[in-house]
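Biologist: I am new to this structure. Please show it first, and then let me ask how the terms are justified.

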Amino acid sequence: MQTRSPLPNDREALVRLIAPERDSPFRPEEVSCALELLAAVLDPPEGNTYEARIVVDEGDQPLAYACFGHTPMTDATYDLYWLITAAERRGHGLGGSLLTGVERELATRGARTIRVETSSLEGQGGAHRFYLKAGYQEVGRIRDFYRPGDDLLTLTKRLRP
Ligand SMILES: CC(C)(COP(=O)(O)OP(=O)(O)OC[C@H]1O[C@@H](n2cnc3c(N)ncnc32)[C@H](O)[C@@H]1OP(=O)(O)O)[C@@H](O)C(=O)NCCC(=O)NCCS
């Protein structure tokens, strides 16, 4: 298992990871947004701020994907936009280790804070619990943001004072 930046050759496998034919963890509008960001990562337009890292298996096939980027108008804040582990590989530490790797890399670049926005229903609340376990704090909640009963949660992790 290895972590690296995604390459244009990974596009098809990453589309399958982000938008599996069955049991997608994301709503169609979220999938569209995630694929837009993937396109920017693989073929960066001028001024692009989106970046990604993937965990690949022994055959160099992607198992987990993280997309993040510097938050505009901040000096040292980063957004984590998407984090996905292949459904059949969840619960084995891949998402956690990919997230830790991204945090370490951003820390070496001087990042102060990482922000994550997620839905309270993402993965039946699993995404929220995952981030809390990873040391993120819930700092904001807008009730019924996405639809009734589906709140927007903002979580952050501070990497340095
Ligand atoms: C959230 C997600 C990325 C976690 O990836 P993963 O590879 O399964 O996570 P890990 O195995 O590294 O788990 C790390 C820790 O979080 C915990 N965790 C992971 N998913 C959890 C869940 N659904 N509920 C509670 N805890 C969870 C694990 O138990 C583990 O805890 P431990 O360190 O005490 O053992 C994965 O479930 C996923 O892809 N979900 C669908 C997409 C999504 O919701 N992404 C997040 C929003 S962008």
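**The ligand and its pocket**

Modeller: The lining of the largest pocket divides by class into 18 nonpolar, twelve polar and nine charged residues. This is a predicted model, with local features requiring pLDDT of at least 70 and side-chain atom pairs pLDDT 80 or more, while totals for chains, interfaces and linings use all residues. Residues are numbered from 1 along each chain as its sequence is written, and side-chain values use heavy atoms, without hydrogens and water.

Biologist: What makes a residue count as polar in the lining?

Modeller: Ala, Val, Leu, Ile, Met, Phe, Trp, Tyr, Cys and Pro are nonpolar, Asp, Glu, Lys and Arg are charged, and the others, Gly among them, are polar. Around the ligand, the shell has nine nonpolar, seven polar and four charged residues.

Biologist: Which atoms make polar contacts with the ligand, and how do you know?

Modeller: A polar contact is a pair of N or O atoms within 3.5 Å. An oxygen atom of the ligand lies 2.8 Å from a polar backbone atom of Gly91, and one is 3.2 Å from a polar backbone atom of His92. For Lys133, an N or O atom of the side chain is 2.9 Å from a ligand oxygen. These pairs therefore qualify as polar contacts.

Biologist: Which elements form the shell around the ligand?

Modeller: Strand E4 (77-85), helix H3 (94-108) and helix H4 (126-133) each give two or more residues. Helices (at least four residues) and strands (at least two) are DSSP runs, numbered from the N terminus. H4 gives the most to the shell, six residues, whereas E4 gives the largest share of the largest pocket's lining, seven.

Methods
Polar contact = N/O pair within 3.5 Å; in protein donor to acceptor, adjacent residues only side chain to side chain.
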